[in-house]
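Here is a short briefing for a reader who is meeting this structure for the first time. Look over the sequence and the model, then read on.

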Amino acid sequence: MGPHIDEFCGEICLKLVDIDEELRHLKITIREKARHAEPEVRSRLEKVMKRIACNQPKVAAARAQVEHWITDKAKDALRFRNEEIPEDRKLRRAAEADRYAAACIDLAIAAVDEAERSALEAWLVREDANSSRCEPQKCEAMA
């Protein structure tokens, strides 16, 4: 029974060494890919920031349109509470509702841009934290 246990222990040791080598290689590969990804993430972030800056006037106008709609709608609710809404007013409200919907779409697109910006910035911060916590010399010494 002794030789079988020795053989088993030897096989386990070899497997553990193989696994350790594979994990070391994987860590190096991940670090290399992260180094190459950072410039791409920074480039994408720059494009998103430019798009956000270019869309600022459109987004400000959309916010104003939404606020106007909400305020105007509240006024109309009070003004026409017990009386019927005139036909011409209905047509104007329909056109305003279309503009309100378009403004909401602009705000939703701006929110998606902001979410993308935030996600890219979070990735960069996380990478910075990971690299300062585990510099290459320290990581290789730990591995």
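The points below go from the overall fold to single residues, then to a pocket and the cysteines.

This is a predicted model. Its chain has three helices and zero strands. Buried residues account for 17% of the 143 residues.

**Overall layout**

- Starting at the N terminus, the elements follow the order α-α-α.
- Helix α1 spans residues 2-79, and helix α2 spans residues 87-133.
- Take the contacts between residues at least 6 apart in sequence: 83% of them join residues at least 24 apart.

**D113, a residue of α2**

- D113 sits in helix α2.
- Is D113 buried or exposed? Its relative accessible area is 7%, and the cut-off for buried is under 20%, so D113 counts as buried.
- The side chain of D113 makes a polar contact of 3.0 Å with the side chain of R51.
- Which residues does D113 touch, once neighbours within four places in sequence are set aside? They are V48, R51, I52 and N55.
- R51 therefore appears twice for D113: in the list of contacts and as the partner in the polar contact, with D113 itself buried at 7%.

**I52, a residue of α1**

- I52 belongs to helix α1.
- I52 has a relative accessibility of 14% and is buried.
- Beyond its neighbours within four places in sequence, I52 is in contact with D113, E114 and R117.
- I52 and A111 are 59 residues apart in sequence. In space, their C-alpha atoms are 9.7 Å apart.

**A62, another residue of α1**

- A62 is also placed in helix α1.
- A62 is buried, at 3% relative accessibility.
- With neighbours within four places in sequence left aside, A62 is in contact with A103, D106 and L107.
- A62 and A101 lie 39 residues apart along the chain. A distance of 9.6 Å separates their C-alpha atoms.

**The second largest pocket**

- The volume of the second largest pocket is about 210 Å³.
- This pocket is lined by 13 residues, and the closest to its centre are N55, V59, D106, I109 and A110.
- Two of these names have come up before: N55 is a contact of D113, and D106 is a contact of A62.
- Which helices each supply at least two residues of the lining? They are α1 and α2.
- Helix α2 gives the most to the lining, with seven residues.
- By class, the lining holds six nonpolar, two polar and five charged residues.

**Cysteines**

- A disulfide is a covalent bond between the sulfur atoms of two cysteines.
- How many disulfides does the structure hold? The count is zero.
- Why is C13 not bonded to C9? The sulfur of C9 is the closest cysteine sulfur to that of C13, but the two are 6.6 Å apart, too far for a bond. The cut-off for a disulfide is 2.5 Å.
- C13 is partly exposed, because its relative accessible area is 48% and exposed means over 50%.
- C104 is partly exposed too, with a relative accessible area of 29%.

Methods. Residues are numbered from 1 along each chain as its sequence is written. This is a predicted model: local features need pLDDT of at least 70, side-chain atom pairs count only at pLDDT 80 or more; totals for chains, interfaces and linings use all residues. Side-chain values use heavy atoms; hydrogens and water are left out. Helices (H or I, at least four residues) and strands (E, at least two) are DSSP runs, numbered from the N terminus. Buried means under 20% relative accessible area, exposed over 50%, partly exposed in between (1.4 Å probe, protein chains only). A polar contact is a pair of N or O atoms within 3.5 Å; within protein, one must be able to donate a hydrogen and the other to accept it, and residues adjacent in sequence count only if both atoms are side-chain atoms. Contact means heavy atoms within 4.5 Å. On a 1 Å grid over the protein atoms alone, a cavity is a set of points where a 1.4 Å probe fits but cannot get out, and a pocket is an open set with protein on both sides within 12 Å along at least five of seven lines; lining residues have an atom within 4 Å of a point. Grid points are joined across faces, edges and corners, and a volume is the space filled by probe spheres set on the points. Ala, Val, Leu, Ile, Met, Phe, Trp, Tyr, Cys and Pro count as nonpolar, Asp, Glu, Lys and Arg as charged, and the others, Gly among them, as polar.
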